[in-house]
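Let's take a walk through this protein together, one piece at a time. Have the fold in view and follow along.

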Amino acid sequence: MRQTSAAFRMLAPLIATGVLLVGCGPSPVSTSDPSRSAAPAPAQTAASDKPLRVAPEASALNLPVGSLYKNPANNRNELVLADVRHTAVLIGDSQAMPKDSWPQQAIAALGYKLHVVGMGGTGYVATNGKTGNYIDALQRGDWVLPYGDPPLIVVEGGGNDATQRATDVQITGNAERLLAALKKRYPGATLAMVGTLARGASNGGGRRTEVDALLGRIAAKHGIPFVSAGDWLTRYNAIGDLQDGVHMKPSGHAKLGVVLARELAALGLTMGQ
């Protein structure tokens, strides 16, 4: 018994060291794949955008235009465009979605081709039951951004956030998430924001004009070019160009397209050669 006890006393430090080494080993990596329909929390968003490795140049892919490519730099599907270096990305709601909408006309007038994503009824917080708000739709893959390096990304909206009574805190939080994701995804692109089309504070603009002003403050905080549209309906005599109190007739799209093009050009956002 004495020999056994003595042997145990000699082995005990070695056993303890082994236990400590096992306890300090790497944690197991989870292989679970979250559901596509579940909106990620901010922490999950950051993790999902962590670069894996440098992606090849778009010209080296040799993929047909319109192909979806799983970008290894961000682990997301992206669309191969014919000329991404001269294409502006427009993220927006129903103001931006119709072909020849005032935001589309304005950006095209500056010399860009267009890649338009988003959907009516959505916004920084607002959803339409089919797709998420801007940041959640981006992270879930409800719509797809281009592969490569677009020179300009324009985010338009805010009207549906006003209609759905989103708070300033909610709008600010999601706008911050969206801008961070876009900056990380396209570090070489210029970001710009277009505010909420409304009548103005002294003409019944209400919450829509308030959201426009809030978005302007967010853009200023990040040093992002911003075009306020919070009083355009009255300033540019466009109320008569409304077809339903919110959306423009073709005459209104043409009128405000000229205005927005002028404002964006004044901010130095014309397409370079």
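Why does the distance between the end C-alpha atoms of helix 7 agree with what its 18 residues should span? At 1.5 Å a residue, those 18 residues should span 26 Å, and the end C-alpha atoms are indeed 26 Å apart. Keep in mind that what you are looking at is a predicted model.

Let's step back for the overall picture before returning to that helix. The protein has ten helices and seven strands. Of its 273 residues, 44% are buried. Take the contacts between residues at least 6 apart in sequence: 70% of them join residues at least 24 apart.

Now back to helix 7, which covers residues 168-185. Its buried residues are Ile-171, Asn-174, Ala-175, Arg-177, Leu-178, Leu-179, Ala-181, Leu-182 and Arg-185. When you read a list like that, one thing helps: an α-helix has 3.6 residues a turn, so residues three or four places apart point the same way.

Next comes helix 8, residues 206-222. You can run the length check here too: at 1.5 Å a residue, its 17 residues should span 24 Å, and the end C-alpha atoms are 25 Å apart, which agrees. Right after helix 8 sits Gly-223, with a positive phi near 65 degrees. Within the helix, the buried residues are Arg-208, Thr-209, Val-211, Asp-212, Leu-214, Leu-215, Gly-216, Ile-218 and Ala-219. What do they pack against? The partners are helix 6 (159-163), helix 7, strand 6 (190-194) and strand 7 (226-227).

Let's zoom in on one of those partners. Two packed helices are described by the angle between their axes and the distance between the axes. For helix 7 and helix 8, the axes come within 11 Å and cross at roughly 40 degrees. That angle makes helix 7 oblique to helix 8, and the crossing is right-handed. On the helix 7 side, the residues that meet helix 8 are Asp-168, Ile-171, Thr-172, Ala-175, Glu-176, Leu-179 and Lys-183. Helix 8 answers with Arg-207, Val-211, Leu-214, Leu-215, Arg-217, Ile-218, Lys-221 and His-222. This contact is a mix of seven nonpolar, two polar and six charged residues.

There's another helix pair to visit: helix 4 (102-109) and helix 10 (residues 250-266). How do their axes run? They come within 7 Å and cross at roughly 45 degrees, so these helices are oblique to each other. Helix 4 passes helix 10 in a right-handed crossing. From helix 4 come Trp-102, Pro-103, Gln-105, Ala-106, Ile-107 and Ala-109, which meet His-253, Ala-254, Leu-256, Gly-257, Leu-260, Ala-261 and Leu-264 in helix 10. The residues of this contact divide into ten nonpolar, three polar and no charged.

Finally, a couple of loops. Leading up to helix 4 is the loop from strand 3 (87-92), and that is where you'll find Asp-100. Its phi is positive, near 65 degrees, in a residue other than glycine. Is Asp-100 buried, exposed or partly exposed? With 45% relative accessibility, Asp-100 counts as partly exposed. Asn-75 lies in the loop between strand 1 (68-71) and strand 2 (76-79). Asn-75 is not a glycine either, yet has a positive phi of about 65 degrees. At 44% relative accessibility, Asn-75 counts as partly exposed.

Terms used: Residues numbered from 1 in each chain as written. Predicted model: local features only at pLDDT ≥ 70, side-chain atom pairs only at ≥ 80, totals over all residues. Heavy atoms only, no water. Helix = DSSP H or I, 4+ residues; strand = E, 2+ residues; numbered from the N terminus. Expected span 1.5 Å × (residues − 1). Buried < 20%, exposed > 50% of the residue type's maximum accessible area, 1.4 Å probe, protein only. Contact = heavy atoms within 4.5 Å. Axes fitted to C-alpha atoms, helices over the stretch in contact; angles between N-to-C directions. Parallel < 35°, antiparallel > 145°, perpendicular 65-115°, else oblique. Left-handed = near helix turned anticlockwise from the far one by under 90°. Nonpolar A, V, L, I, M, F, W, Y, C, P; charged D, E, K, R; others polar.
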